Amino acid sequence: MKLRTSHYLIFAFLAAFTYFYSKDGLVATSVLYTAIQFALPLALAAMVGVMCERTGVVNIGIEGTMLISAFTAFFAGAILKNTVQGMLVGVFTGAMMGLLLALMAVNWKMDQIIAGVILNILAAGITSFYYRQNYSIPSTLDPIDLPVVGAWPILGPVLSFHGPITYFGIFFILALWFALYKTSWGLRSRAVGEHPSSADTAGVSVIRLRYLNVTAAGAVGGLAGAYLALEAVGIFERGFTAGKGFTALAIMIFGRWNPLGALAAALFFGLTQAVTNQLMIDEVVEIPPQFINMLPYILTIVVLAISAGKVRPPAAEGIPYEKEKS
Amino acid sequence: MKTLLEIEGVSKSFGSVIANENISLTVKEGEILALLGENGAGKSTLVKAVFGLVKPDTGTIKINGTVMESGDTAAAIASGVGMVHQHFQLVPVMSVTENLILGDEPKRFGVVNIKQAKKEALALSEKYGLEVDPDAIIEDLPVGMAQRVEILKALRRDVKLLILDEPTAVLTPQETDELLEVLRNLAKRGVGILFITHKLREVMAVADRIAVLRGGKLMGTTTPKESSESKLAQMMVGREVVLRVEKSQAKPKEVLLSIKNLRVSDDRKLESVKDLSLEVHAGEILGIAGVEGNGQRELVEAICSMRSRLSGEVIVKGQEIPNLNPRAAHLAGVSHIPEDREKHGLVTSYSIADNLVLNRFDQAPFAKGWIRNLEEVANNGESLVEKFDIRAPDAYLSAGSLSGGNKQKVVVARELSQQLDVVVAAQPTRGVDVGSIEFIHNQLIAARDAGAAVLLVSAELDEILSLADRIAVISNGKIVAIFNSKEADRNTIGRLMAGLAS
């Protein structure tokens, strides 16, 4: 049943693509290219959620993590006049936000929703207070022209000429999937997220693993922020992330806490946005741009309404682990 | 025989509650030590200290002569301690194999070698004669099977000392006998076993030595030969306990509760009560015997109108109970002692007095129109606390601060102090100490003698056998047999519970 639905979707996609490609090949491939660009930050941000929630920590501070990392990445890049160093600063900032969440949620056993809200408020406050105009980075991260693949018909212009964070990001998502389901780190992480006392009694340190994963997830969130500031756009503004960190949570749920599922969901979101953008440019439909900008949020609500009650989150998420209670 | 475990002067308190006070014990190789005590006597705390899950305040724990760092589970495992927990420490969504290897996975470059793990699992289950399917998902397994996985998990780590925390609480009589056999075999191989229970029969059957705890203190050690069930009960409770329930002959009258062709589905939307019909008369206790998870919970919830019925009728005193309306069921005369008292029986943050009027706070004399009559609530609270022997300093304490047995007494007091027509008691003595069990049993018999129709659901066959006037055996959502208690036989019922034809 599930399989059939996704088969229909793929078929519909291929049919639509063939139609558009026959009308205007250049536009059709560029829409797909843009879809990947829209999808990547969402997919990476969803990985933050996957890594945290699979070990049992709810992270609604992804938005704040991305925002403050985009901020530090951009200004570090501008001041150091080095985009790559800026990116590293962004990743580091993200890791620190993850560490802060781990401290609040794992150590102090705070309510994890409140801990996440704190991250978001902190990031919004800092980034607007210290925001300065008239800074610029030397250049965005250079796109890479893939050898061999770049020359392929149709797929070449879609897959090639993305920036380094995009390629690394996709590689990372595949690696995360493998790690989560095939390695002992993954087995232990999932056990900690489902039933932490089983892991504890088997000699796995719940606290250590949660610290590690939440911090590493923060670094991934930092990378997603750096992508927005340094690879996709090349500037920073107040409220720059525009709710992508929250949309990512919907994508994570839609993808059933599975890295590959979330990647597919993110591509679906990205494609929807790329197609509507193109329709606006072509003036095929006359919709005020405000409505187009609402699209990701409306889609989020629809997705959550569809998934509600059907998907099963990690059983221990949001519950601080208390050893002596077991 | 070498001494495996030495506990010397271990004390532990949680806040003002002393769980363990200066306890010293030893377990030798190949010995089965039964640790006996009421709920809250400190048995679980003590074994958790041995396993490194709890840090003792004072005292030392030696395994094989080495002093253990307190609160270090990994070190305890490394020195050969394995534990089968009361609440299974298994990840429900993972497979048997994954659960077995968790924490010590066979791997190459960090990648888990699942094929080898499966082979190991099969070899292990063959070696100890504990058959399991390595690919089965834990949450699909029956309880007895899940427990096997739990035991295998411990055996895989090459245990020298196996701790079992109330392992038989969830098993059928047959499964229990099998488990006791497994324990004897392990002891023969030289494994030391520390076996926690409050069931006297099992202790007498399997233990080499018996240690009795009461109120966190060690009351003494003895052997099955030197002791008897009644002596042990007295050591546990500190006074003489009547183990046999004394009751007069039942005088059943008209049918008060009748269930017709009831079908109910469980949380997973699988039909778990299948076309079940049953009648309970005034003045009798009908006991439902069955392994947990055979539809008892859904049956009880459907009678109390807490769970939607697919089809069928529940009729109380000739009046049909509407679907999904617990209030209507209550008003029709159904008293419900729920299985999960914390979830369905009490509001733990409310006072005892408020909990005692939870289902009639808006009726006279506890309310006048919209206004509650707090004086009446208080009077009612004080009198019930006394009458039902609820051990609390006063009736205004929050119900959540009471011990398990006293919480249950609050529920029993509320449900049995009203007009009694139909009483549905689900696992009424689960997690309750021996003293309170005796009291609750007597209250149920008093309700019967007052003319109520009592439906008793319990996973404890002994409880059913001693209380019920008629016994209905439930298996796979159906009543497979009904006996008069006089002609009931433990073995036959056990076989029927397990789904075998007698």
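**View 1. The buried residues of helix α7 in chain A.** In this predicted model, α7(A) tucks away A:Ile165, A:Thr166, A:Gly169, A:Ile173, A:Leu176 and A:Leu180, which are buried. Why do they sit on the same side of α7(A)? They cover an arc of only 95° around the axis, so they end up on that one side. Here's the handy rule behind it: an α-helix has 3.6 residues a turn, so residues three or four places apart point the same way. Flip to the other side of α7(A) and you'll find A:Phe171 and A:Ala175, both exposed.

**View 2. What covers α7(A), and how far it reaches.** Among the elements covering the buried residues of α7(A) are α2 (25-54), α8 (184-194), α10 (206-233) and α12 (259-282) of chain A. Now for a quick check of the helix itself: α7(A) runs over residues 164-182, which is 19 residues, and at 1.5 Å a residue they should span 27 Å. The end C-alpha atoms are 26 Å apart, which agrees.

**View 3. The largest nonpolar core.** This core has 81 residues, and B:Leu33, B:Val50, B:Val81, B:Leu161, B:Ile163 and B:Phe195 have the most contacts inside it. Which helix gives the most to this core? That's α5 of chain B (residues 143-156), with six residues. A second, separate core has 80 residues, including A:Leu32, A:Val58, A:Val91 and A:Trp257.

**View 4. Zooming in on B:Val81.** Leaving out residues up to four places away in sequence, B:Val81 touches B:Val50, B:Phe51, B:Ile63, B:Ala76, B:Val159, B:Leu161 and B:Ile163. As for confidence, chain B averages a pLDDT of 88, and 99% of the residues score at least 70.

Technical notes: Residues are numbered from 1 along each chain as its sequence is written. Chains are lettered from A and ligands numbered from 1 in the order in which they are written. This is a predicted model: local features need pLDDT of at least 70, side-chain atom pairs count only at pLDDT 80 or more; totals for chains, interfaces and linings use all residues. A nonpolar core is a set of buried Ala, Val, Leu, Ile, Met, Phe, Trp, Tyr and Cys residues joined through C-beta atoms within 7 Å. A residue is buried if 20 or more other C-beta atoms lie within 10 Å of its own, exposed if 12 or fewer, and partly exposed in between; C-beta atoms are placed from the backbone. Helices (H or I, at least four residues) and strands (E, at least two) are DSSP runs, numbered from the N terminus. Two residues are in contact if their C-beta atoms, placed from the backbone, lie within 7 Å. The expected span of a helix is 1.5 Å times one less than its number of residues. The arc is that of the directions from the helix axis to the C-beta atoms. pLDDT is the predictor's confidence in each residue, from 0 to 100.
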